[in-house]
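Visitor: I would like to learn how to read a protein model feature by feature. Could you walk me through one, beginning with the cysteines?

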Amino acid sequence: MTLCDGHKLFREGLNQLFQNSEIDFYFKAVLKDKLYIDPIQLGIEPDHKLTIKEEIAIKESLLKLISKKPLQYVTGKAHFRELILKVDRRVLIPRPETEEIVGWILDDFKNINNKLRIIDMGTGSGCIGISLAKEQSFFSVFALDKDKEILDLTAENAKINGVRIKCIRKDIYKIKSFQLKIDVIVSNPPYVMISEQNQMKLNVLDYEPHQAIFVSNSDPLVFYRLILEFAARNLNPNGYIYFEINPLLLDDLKSLITPFSYTVLERLDIFGKVRMLRLQKN
């Protein structure tokens with residue numbers, strides 16, 4: 001099989017699911033992130049002969065995409081700001097909206113000249129914390145999650161991207177006795193209500209970890225409440241909290257925040273929805 005043959009195979013296999021431009025994107029991503037072949041080779045050397053191993057990888061990737069497995073799980077990699085992250089079904093695939101909250105924090109602290117301690121609560125792949133550590137050298141980053149397997153992946157991603165962060169294995173439900181004085185808290189916790197499942201795409205429902213996405217309808221703000229309680233004990237004076245949120249829960253979340261005495265600022269995502277909040281301790 002040549003590169004051109006592989007490209008043709010992708011177009012034939014996926015033409016009922018995607019536009020040609022999307023298929024070409026997927027094929028080039030497989031070449032780059034799974035086979036380590038520069039996609040430019042497709043244009044300049046379409047008759048390049050693939051090895052048997054590469055041919056098998058292309059065919060296996062195609063079958064996974066036909067079954068609607070997310071591209072990032074097919075290649076095992078996700079691109080996030082300046083990072084290349086290893087991802088698998090242990091963790092949520094990083095979203096563009098989450099890149100925006102990282103950008104907000106970096107903008108707010110671009111002129112600092114002293115160390116600040118930041119904790120990424122529910123870190124998953126580490127996309128938030130690792131980006132912050134990589135792009136702002138004055139950030140000292142802690143990454144918290146409850147599962148060793150997840151934190152192993154977080155630590156691996158930090159190493160891949162050449163940054164140092166401190167991984168903390170803690171269950172957010174059991175952090176009442178956990179003490180860590182901190183300047184900034186950031187979290188993209190599970191916030192999609194179970195009742196919203198029927199609006200989700202099948203590739204998300206079938207492959208991504210539900211515990212990183214969904215919360216019960218009866219207590220959908222549980223993680224925000226626990227983080228606010230942690231902040232009440234540990235956030236330094238004039239400290240900040242950055243939340244990614246469910247726009248449907250905005251009013252309820254603002255009511256939850258009110259007794260904790262913060263100045264709240266909202267920010268829209270690329271789709272024009274209130275997706276982020278910044279809280280400054282009064």
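Guide: Gladly. A disulfide is a pair of cysteine sulfur atoms within 2.5 Å. Please keep in mind that this is a predicted model.

Visitor: How many disulfides does the structure hold?

Guide: The count is zero. Take Cys-167: its closest cysteine sulfur is in Cys-127, 13 Å away, so the two are too far apart for a bond.

Visitor: And is Cys-167 buried or exposed?

Guide: In between: with a relative accessible area of 25%, Cys-167 is partly exposed, because buried means under 20% and exposed over 50%. Cys-4 is partly exposed as well, at 39%.

Visitor: Let's turn to aromatic rings. What describes a pair of them?

Guide: Two quantities do: the distance of the centres and the angle of the planes. The structure holds 10 aromatic pairs. In one of them, the ring centres of Phe-109 and Phe-139 are 5.8 Å apart with the planes at 75°, so this pair is edge-to-face; the cut-off for that class is over 60 degrees.

Visitor: Where in the chain do Phe-109 and Phe-139 sit?

Guide: They link distant parts of the chain, 30 residues apart. Phe-109 is in the loop between helix H6 (96–108) and strand S3 (116–121), while Phe-139 is in strand S4 (residues 139–145). Both side chains can be checked for cover too: Phe-109 is buried, at 8% relative accessible area, and Phe-139 counts as buried at 5%.

Visitor: What would a stacked pair look like?

Guide: Look at Phe-178 and Phe-230, which are 5.9 Å centre to centre with 20° between the planes. This pair also links distant parts of the chain, 52 residues apart. Phe-178 lies in the loop between strand S5 (166–169) and strand S6 (182–187), and Phe-230 in helix H10 (residues 222–234). Phe-178 is buried with a relative accessible area of 11%, and Phe-230 is buried at 0%.

Visitor: Which residues do ring pairs link into a cluster?

Guide: The cluster is made of Trp-104, Phe-109, Phe-139, Tyr-240 and Tyr-242. You have already met Phe-109 and Phe-139 as the edge-to-face pair.

Visitor: How would I read the burial of a whole helix?

Guide: Begin with the geometry: an α-helix has 3.6 residues a turn, so residues three or four places apart point the same way. Then count the buried residues. In helix H7 (residues 127–135), seven of nine are buried, and the helix is mostly covered. Cys-127, Ile-128, Gly-129, Ile-130, Ser-131, Leu-132 and Ala-133 are the buried ones.

Visitor: What can I look for in the backbone angles?

Guide: Try looking for a positive phi in a residue other than glycine. Lys-68 has one near 70°, in the loop between helix H4 (52–66) and helix H5 (71–75). Ser-261 has a phi of about 65° and belongs to the loop between helix H11 (250–257) and strand S10 (262–268). Lys-68 is partly exposed at 42% relative accessible area, and Ser-261 is partly exposed at 38%.

Visitor: Finally, how many cavities of 30 Å³ or more does a search of the whole structure find?

Guide: One, with a volume of about 30 Å³. Its lining is made up of Ile-172, Tyr-173, Ile-175, Lys-176, Leu-226, Glu-229, Phe-230 and Arg-233. By class, that gives five nonpolar, no polar and three charged residues. Phe-230 returns here, having appeared in the stacked pair with Phe-178.

Definitions and conventions:
Residues are numbered from 1 along each chain as its sequence is written. This is a predicted model: local features need pLDDT of at least 70, side-chain atom pairs count only at pLDDT 80 or more; totals for chains, interfaces and linings use all residues. Side-chain values use heavy atoms; hydrogens and water are left out. Buried means under 20% relative accessible area, exposed over 50%, partly exposed in between (1.4 Å probe, protein chains only). Rings of Phe, Tyr and Trp (its six-membered ring) pair if their centres lie within 6.5 Å; planes under 30 degrees apart count as stacked, over 60 as edge-to-face and the rest as tilted. Helices (H or I, at least four residues) and strands (E, at least two) are DSSP runs, numbered from the N terminus. On a 1 Å grid over the protein atoms alone, a cavity is a set of points where a 1.4 Å probe fits but cannot get out, and a pocket is an open set with protein on both sides within 12 Å along at least five of seven lines; lining residues have an atom within 4 Å of a point. Grid points are joined across faces, edges and corners, and a volume is the space filled by probe spheres set on the points. Ala, Val, Leu, Ile, Met, Phe, Trp, Tyr, Cys and Pro count as nonpolar, Asp, Glu, Lys and Arg as charged, and the others, Gly among them, as polar.
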